[in-house]
Amino acid sequence: MVGNPELALDPVVETLRPDALDAPVRWAHVSELRDPAPYLLGAELLLTAGVNLPAESAEVDRYVRRLADSGISALGFGLTPGTHETLPPPLRSACARHGLPLLIVPPRTPFLAISRAVSVALAEAGQREQRRIAAAREALTRAAGDGLGELASALAGRLRAWVALVGVGGVLAADHGAPSPLPPEVGELLATLRSGRGIRSATTELADGTHVVGQPVYPQATASHLVVVGRAARFDGADRAILSVGAALLGLAGRAGSDAAGLGATATALLLGGTGVLGEDERRLVAGIAYRRGPNEVAARYDWLRARLDTPLVRLLPGPRFTAIVREAPEIEDLDRLRADGWLAVVSSPVPPERLPEAATEVDLLLRRAAALERPVVAEASGLGLDALIAPGAAAGFAAKALAPLRELDGKGDRALVETLRTWLAHHGGWDRTAAELGVHRNSVRHRIGQIERALGVDLADPEIRMRLWFALRWGS
């Protein structure tokens, strides 16, 4: 933000700690409260015009101390004619004393412009993380064919960390200078992991400041094979996602344990990521969401779903949700039985193995339809399907052209027009239900739908227009 010439933010030098300008920002938040600390999560850029800033130096010091203790990344102070035309000296002194980075916001820069810039930066950072994860997944999948040693080395390189795969008898594979023997703190971490159940990981910090993360080799593993990584820098969300991919592949490459749930989840995840081969026949993707509490144990949920869907390729996800790859589509009666046990499920169209990622997009739309209808849905089960009449390339081209104006607008900010349209259509134009699912006010939904109509030059009251856009959303990636 500081380097953005359009914002013209001016950092107060004496308030900056080393690397302060590189501190992560979760969001930009505006508050004129005398004490906003109870309403902060940490890592915010807090913006204020000082409307209620105390006049007493002691109170200003308390205000800044509370903000620093809440963990915000920086305080942006807006200079405003008639309120504070210059930076109050007590605020400057208090921020320097408590090490809270202070940014001066000039009168020509509205707070909304800063919030928008933060939103765009966060979206771009998220896209970079996704590209990094995708590249790592491809590299690790290639390395898995060369054995544990090569895979451990590839994982270490991607994370810039040392890596150790640990079995009951000790270290099975290691790379990038993993300590030998492993420090006592790592042994305690491994014991913690082995005593738990379900999806889990554990972290610790060694005496030399090394950050260590450990987890089982499959997400639902109960076997004793664990992967441990360590480095000086903390592991962020993208690092942990890469570690999960590497751990799953290490489990497959080493045939660690005999946990069918872990193998099924791993295979499903890899297939949906575009790797792996199932043969030349067609498969269907089944997905579901729990609409009431089901079995508590992860392993129990996996075994229960595997038995009813007659496939080991079941992947459990937070929510809880699941995806499964099946050869024969379940009958609607089977889906009704799933619903009676707490799962609202849908079934995709049959696709060859290489098109399973496309089926994942389809089942997401089907789940929205199922939630709106409050019943299971099977793709084209009514016999009214159009997919067989339209070539995939033509369908994708139609979708890209139809949605291009919305995607262009979404790329310029945080409008979320494509997602709003998808949700609004799934709920049959219901303002309140759409707003509830998106987590916004119903008036925001109305405003976005108006933007969509103007951008596309259509009237969404026309049912044929709604139908065409629904198919565009379905066929678009």
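At what angle do helix H12 (residues 417-426) and helix H14 (residues 442-456) pack, and how far apart are their axes?

## Packing of H12 against H14

In this predicted model, helix H12 (residues 417-426) packs against helix H14 (residues 442-456) at an angle of about 105°, and their axes are 10 Å apart. Angles of 65 to 115 degrees count as roughly perpendicular, so H12 is roughly perpendicular to H14.

On the H12 side, the contact is made by Leu417, Thr420, Leu421 and Trp424. Helix H14 contributes Val445, Arg448, Ile449, Gln451 and Ile452. Sorted by class, the contact of H12 with H14 has 6 nonpolar, 2 polar and 1 charged residues.

## The chain as a whole

The chain has 477 residues, of which 44% are buried. Its secondary structure comprises 15 helices and 15 strands. The accessible surface of the chain amounts to about 23500 Å², and carbon and sulfur atoms account for 52% of that area.

Contacts within the chain can also be described by sequence separation. Of those between residues at least 6 apart in sequence, 63% join residues at least 24 apart.

## Strand S10 and its partners

Strand S10 spans residues 226-231, and 6 of its 6 residues are buried, so the strand is largely enclosed by the rest of the structure. Leu226, Val228 and Gly230 point one way from S10, while Val227, Val229 and Arg231 point the other way. The residues of both sets, Arg231 among them, are buried.

Two strands that pair with S10 are described here. Strand S6 (residues 162-167) runs antiparallel to S10 and is joined to it by 5 bridges. Strand S9 (residues 211-216) also pairs with S10 in the antiparallel sense, over 6 bridges. Leu226 of S10 has Val166 standing opposite, and Pro216 likewise stands opposite Leu226.

## Pro183 in the loop before H5

Pro183 lies in the loop between strand S7 (170-175) and helix H5 (184-195). Is this loop residue buried or exposed? Its relative accessible area is 18%; since the cut-off for a buried residue is under 20%, Pro183 is buried.

Pro183 can also be placed relative to Ala207. The two residues are 24 apart in sequence, and their C-alpha atoms are 9.6 Å apart in space.

Definitions and conventions. Residues numbered from 1 in each chain as written. Predicted model: local features only at pLDDT ≥ 70, side-chain atom pairs only at ≥ 80, totals over all residues. Heavy atoms only, no water. Buried < 20%, exposed > 50% of the residue type's maximum accessible area, 1.4 Å probe, protein only. Helix = DSSP H or I, 4+ residues; strand = E, 2+ residues; numbered from the N terminus. Pairing = 2+ DSSP bridges. Contact = heavy atoms within 4.5 Å. Areas by Shrake-Rupley, 256 points an atom, 1.4 Å probe, with all protein chains shown as cover. Axes fitted to C-alpha atoms, helices over the stretch in contact; angles between N-to-C directions. Parallel < 35°, antiparallel > 145°, perpendicular 65-115°, else oblique. Nonpolar A, V, L, I, M, F, W, Y, C, P; charged D, E, K, R; others polar.
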